[in-house]
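Reader: Hello! I am new to this structure and would love a close look at one part of it, the barrel and the helices that pack around it. Could you walk me through that slowly?

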Amino acid sequence: MPAASVHPRDVLLGAQASAWLLPVCDHYSGVEARMRKSLQLQAEMAQEFGACVFDVTLDCEDGAPVGGEREHAALVVALAQEAAPGMRVAVRVHAIDHPAFAEDVHTIVSQAGERLCHVMIPKVDTLADVERAVREVDTAGGAHLPLHVLIESSLGVHNAFAISAHARIQSISFGLMDFVSAHGGAIGADALGMPGQFQHPLVLRAKLELAAACHAFGKTPSHCVVTEFSDTSALHAAARKASRELGYTRMWSIHPSQIRPIVQAFSPEPAELDAAVQILEKALAAQWAPISHQGVLHDRASYRYYWQVIERAHHTGQALPDFLKAWLLPEGG
């Protein structure tokens, strides 16, 4: 087999826009005891899977007590600095129109920015909101940090393509509960739960618009929460539907019991992973020229798809052959 000297993303045109470059699960917690347990679980599962399979987002927006925003931001700084090496830790600050927004950003980014993988900005409606957030983060010393945004309104959905096109945006999440409540009762409470959140036309349209906007610009679409956190079957069904039908490559968790089902649901099927390995091995041997595999023609278009299967397998901690591992080391992408 020829030496693996050229990275697939340099050969497979468009593969650099893969939405599978982030862990498939983003776990939120805002209470001190739960934040500490989340960081501990993250390190334990990274050891188990051989990869950091979920982000921990330390939550200021829903985690800080009213009047205790400054103290909560200081706690987030301390926890981020204490996280195990190599772990992905993020923060959700308050919305840009909240009095604590600027102080959240200054405190956390200036003191713990080197330990953060990104900053989540909630309740983003317009490109101007993104630009303001960028200015605050950069002023605090976070010019190196990607931004994730949470879209929670019809106006935000309307502007999703412009928001996704911004160079600093890495991921867009859909905020189901605020989206429903922003409609003044026009969307019923059934849409907040399962299976209603996949059935109401306005909610389904919003999810599809956000996923399409992300894929248009190579960003990561992140699916909303399932509030029935004790119902594992409902969570698994939601995660499968989001990943297999709606184009989402990442999903929120709000309880530790949701993390493993999300990782499992977003993992490639064993048969699909086997096919990806076999096809890419043949492609490499052919120096990326077209091949035949089990009577089917494959070329760079399908190689690109199967490379993305490999990336997804890597980010869900699945075993891969040595000839693929070198391309998946952090310095290689």
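Author: What follows is a friendly walk from the barrel to its helices, and then to two local details of the backbone.

Please keep in mind as you look that this is a predicted model. A good place to begin is the UniProt record, an unreviewed entry, which lists residues 43–256 as "domain: HpcH/HpaI aldolase/citrate lyase". Over residues 43–256, helix accounts for 43% of the chain and strand for 16%. The C-alpha atoms at the two ends of that stretch are 13 Å apart.

Now find the barrel. Eight strands form it, in the order E1-E2-E3-E4-E5-E6-E7-E8, and the barrel is closed, with parallel pairing. From one strand to the next, the twist averages 25 degrees. To see one of these pairings in detail, pick out strand E4, residues 116–121, and strand E5, residues 147–151. E4 and E5 pair in the parallel sense over three bridges. Within this part, valine 119 stands opposite leucine 147 of E5.

Next, let us turn to the helices, beginning with H2. Helix H2 covers residues 32–49 and lies across three strands: E1 (25–29), E2 (54–59) and E3 (89–92). Relative to E2, H2 runs at about 165 degrees.

H2 also packs against a helix, H3, which spans residues 69–82. Their axes are 11 Å apart, and the angle between H2 and H3 is about 15 degrees. Because angles under 35 degrees count as roughly parallel, H2 is described as roughly parallel to H3. The crossing of these two helices, H2 and H3, is right-handed. On the H2 side, the residues that meet H3 are Glu32, Met35, Arg36 and Leu39; on the H3 side they are His72, Leu75, Leu79 and Glu82. Sorted by class, the contact of H2 with H3 has four nonpolar residues, one polar and three charged.

Another helix pair to look at is H4, residues 101–112, with H5, residues 127–139. The axes of H4 and H5 come within 9 Å and cross at roughly 40 degrees. H4 and H5 are therefore oblique to each other. Their crossing, that of H4 and H5, is right-handed. Here Phe101, Ala102, Val105 and Val109 of H4 meet Arg132, Ala133, Glu136 and Val137 of H5. The contact of H4 with H5 divides into six nonpolar and two charged residues, with no polar ones.

Further along the chain, helix H12 (residues 270–285) and helix H13 (residues 300–315) make a pair of their own. The axes of H12 and H13 come within 9 Å and cross at roughly 125 degrees. That angle makes H12 oblique to H13. The crossing of H12 and H13 is left-handed. H12 brings Glu272, Leu273, Ala275, Ala276, Val277, Ile279, Leu280 and Ala283 to the contact. H13 brings Tyr303, Tyr305, Tyr306, Trp307, Val309, Ile310, Arg312 and Ala313. By class, the contact of H12 with H13 counts 14 nonpolar and two charged residues, and no polar ones.

Finally, here are the two backbone details. Lysine 123 sits in the loop between E4 and H5, so you can find it by leaving the strand and following the chain towards the helix. Although lysine 123 is not a glycine, it has a positive phi of about 55 degrees. The other detail is proline 195, in the loop between helix H8 (176–181) and helix H9 (201–216). The peptide bond leading from methionine 194 to proline 195 is cis, with omega near 0 degrees.

Note on methods:
Residues are numbered from 1 along each chain as its sequence is written. This is a predicted model: local features need pLDDT of at least 70, side-chain atom pairs count only at pLDDT 80 or more; totals for chains, interfaces and linings use all residues. Side-chain values use heavy atoms; hydrogens and water are left out. UniProt positions are given in the numbering used here, feature names are shortened, and annotations may be inferred rather than shown by experiment. Helices (H or I, at least four residues) and strands (E, at least two) are DSSP runs, numbered from the N terminus. Axes are lines fitted to C-alpha atoms, for helices over the stretch in contact, and angles run from 0 to 180 degrees between N-to-C directions. Angles under 35 degrees count as roughly parallel, over 145 as roughly antiparallel, 65 to 115 as roughly perpendicular and the rest as oblique. A crossing is left-handed if the near helix is turned anticlockwise from the far one by less than a right angle, and right-handed if clockwise. Contact means heavy atoms within 4.5 Å. Ala, Val, Leu, Ile, Met, Phe, Trp, Tyr, Cys and Pro count as nonpolar, Asp, Glu, Lys and Arg as charged, and the others, Gly among them, as polar. Two strands pair if DSSP finds at least two bridges between them.
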